[in-house]
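Biologist: Please take a close look at the largest cavity in this model. Which residues line the largest cavity, and which helices supply them?

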Amino acid sequence: MKFSVELELIPLIALIIGGLALFLYGITSLSGSLKTLADGDRFRRVISRATSNRVKSCAVGTGFTALIQSSGGTYALSIGLVKAGALEYKNAIAIVIGANLGTCITSFLIAIPSISQFMPLVAFIAAFIMMVVHNRKAQQWSKIAFSFSLIFFGIWLMEFFIKNGVATQEWFINFMEFLNNYPWLGLLFGTAVTLILQSCSAVIGVIQGVFAAAAIATGSPITLFGILPIVIGSNIGAMIPSILSAIGGNAMAKRVAFVNGVMKVTAGLIFMGILYAMSPILSKQYTAIDPKLQVALFHLIFNFTSVLLFLPLVTPLCLLSEKVIPEKKVVGEKIAFKELDPQVIKTFPSTGLALAGALSDKMFKYALTMFEKLGEYRKVNNDELREYINELERAIDHIDRHLADFLLNAETGNLSHTDLTRHGRIMRGIKDIERIGDYGENLLNFYSNIYEKKNKFDKDQDKEINDAHQMAIALLKKTLDVYQFADKKLALEVIQERRDNNKKLEEYQEAYFKREAAKKGGKNNYIALIYVDILNSYERVYSHCANIAKLFNNDKDLNSYSKKDKTRFTSMSSRY
């Protein structure tokens with residue numbers, strides 16, 4: 001079978017490739033712009049609250065994917081919410097199931113025949129706004145509109161030059177006939193192209209344009225029986241990037257990728273069997289329905305059937321994934337918490353504050369655990385341990401945001417003096433706890449980079465940083481007791497201990513600079529560059545512990561310290 005291309009067709013093929021380039025750029029730019037627009041803590045909180053059951057989770061996955069035009073982005077978000085403890089694993093799988101359905105929106109927009117003629121005007125207006133208007137939101141929305149118009153213009157270019165130049169060529173007809181006769185190769189072709197382009201929506205859009213042009217051209221043998229396996233292959237190919245990205249990731253990412261792969265391959269095999277069973281019908285050409293709409297309808301049927309098939313099987317799929325991909329090693333207690341209902345604090349303020357206090361206690365315990373595990377990680381480079389510390393930090397951030405929103409629902413004018421004091425302590429305390437978590441994350445990054453760069457602390461540095469770390473853990477434990485039991489006497493000890501710790505850190509830094517000055521030349525390594533930053537991170541942890549202690553007691557008015565101590569305390573007060 002001949003597939004040779006005549007020389008005079010090369011300019012036409014170049015124009016078709018140019019149309020493809022515009023289409024791919026448009027869909028990639030649109031997805032990136034929409035993901036930026038949808039990014040943010042508020043949006044994540046809305047999603048986490050809207051996923052109370054599998055049906056809602058599936059709907060969220062569909063809507064979010066339709067919005068950002070990226071099933072991969074939806075997978076990443078669902079995994080992140082599971083890690084933060086804001087989403088159950090089963091509901092995350094339901095989101096993934098819905099995400100596959102959300103990819104259908106682009107193919108239906110492309111199938112609207114009258115929309116393409118307005119796209120050049122949309123592109124002109126959007127480009128004009130981007131050039132003359134410097135407002136950030138206007139720039140953002142015009143970029144979305146411009147990217148949207150490029151999708152349709154690229155499709156139009158491909159369709160026009162295929163229909164009016166390439167589709168009547170013998171090599172093209174032979175290729176279409178080849179696909180028509182070997183549907184399994186069409187499936188592999190769709191899978192491979194999707195893997196290369198990294199976008200199922202992009203491949204489906206190209207297929208729509210080619211099929212529409214070929215269907216109009218005289219003598220083209222391509223039918224639904226030849227084109228639909230490519231659509232199935234593109235849906236299978238869409239899950240490969242998630243599998244590749246999960247390699248080397250944590251167990252949760254691997255499980256989500258595994259379940260997605262099982263669903264895609266199973267659905268693909270089922271539909272290939274259906275295509276063969278219906279081959280007498282699908283091997284005919286139908287002109288009553290627009291060819292692009294035929295592809296869009298099949299894409300919708302494929303994914304909607306997958307939802308109906310797999311949504312009831314979420315629990316077995318989760319159990320299967322847990323057996324196939326077990327946790328490598330348990331490095332700590334399970335990170336889990338339930339979000340609080342804002343109606344509770346509105347109706348029963350004291351009860352709501354008690355619940356908020358208990359959750360903030362858990363948040364503080366996570367911060368303490370984070371530093372305890374960080375001490376283990378300093379001794380042994382362990383991927384599971386590093387991921388667990390990161391999960392603790394994400395949980396701390398999530399609780400901080402959730403509690404802040406929850407407490408804002410309290411009508412402070414109706415609170416008693418005791419409850420008002422407690423409300424203020426929690427509001428201020430969680431911010432300091434959250435910052436402690438941030439500095440823990442900074443330290444984790446420092447230590448990870450040290451392992452990556454194959455550096456080591458020298459004997460003095462190791463001892464000094466180990467001392468700083470042990471002082472941090474001891475102070476965190478004391479501060480947690482202050483926070484949980486409102487121990488005023490212990491609060492004063494924390495404030496004084498913070499000063500003593502800082503004095504030791506100053507001595508360490510002075511000794512370090514003397515050692516560095518005594519060195520004759522030598523090459524600076526990564527540790528030499530960030531040693532002081534590490535000590536400063538611990539100093540900030542001590543400061544936030546003192547901030548929390550000061551919510552319960554303060555020694556500014558006490559006479560139990562020397563004049564020198566009072567002067568030093570006053571000079572440092574602005575720092576915490």
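Modeller: What follows describes that cavity, then one helix and the cysteines. This is a predicted model, in which local features need pLDDT of at least 70 and side-chain atom pairs pLDDT 80 or more, while totals for chains, interfaces and linings use all residues. Residues are numbered from 1 along each chain as its sequence is written, and side-chain values use heavy atoms, with hydrogens and water left out.

A cavity is a set of points, on a 1 Å grid over the protein atoms alone, where a 1.4 Å probe fits but cannot get out; lining residues have an atom within 4 Å of a point. The count comes to 3 cavities of 30 Å³ or more. The largest has a volume of about 50 Å³, taken as the space filled by probe spheres set on the points. Its lining consists of I97, N100, M263, K264, A267, F302, N303, S306, V307 and F310. Helix 5 (89-102), helix 14 (251-277) and helix 16 (291-310) each supply at least two of the lining residues, and helix 16 gives the most, with 5. Helices here are DSSP runs (H or I, at least four residues), numbered from the N terminus. By class, the lining has 6 nonpolar, 3 polar and 1 charged residues.

In helix 17 (residues 314-324), V314, L317, C318 and S321 are buried, meaning under 20% relative accessible area with a 1.4 Å probe and protein chains only. Seen down the axis of helix 17, these buried residues fall within an arc of 100°, so they line one face of the helix. The arc is that of the directions from the helix axis to the C-beta atoms.

Disulfides (cysteine sulfur atoms within 2.5 Å) number 0. C58 is buried at 7% relative accessible area, and C545 is buried at 0%.

Notes
On a 1 Å grid over the protein atoms alone, a cavity is a set of points where a 1.4 Å probe fits but cannot get out, and a pocket is an open set with protein on both sides within 12 Å along at least five of seven lines; lining residues have an atom within 4 Å of a point. Ala, Val, Leu, Ile, Met, Phe, Trp, Tyr, Cys and Pro count as nonpolar, Asp, Glu, Lys and Arg as charged, and the others, Gly among them, as polar. Buried means under 20% relative accessible area, exposed over 50%, partly exposed in between (1.4 Å probe, protein chains only).
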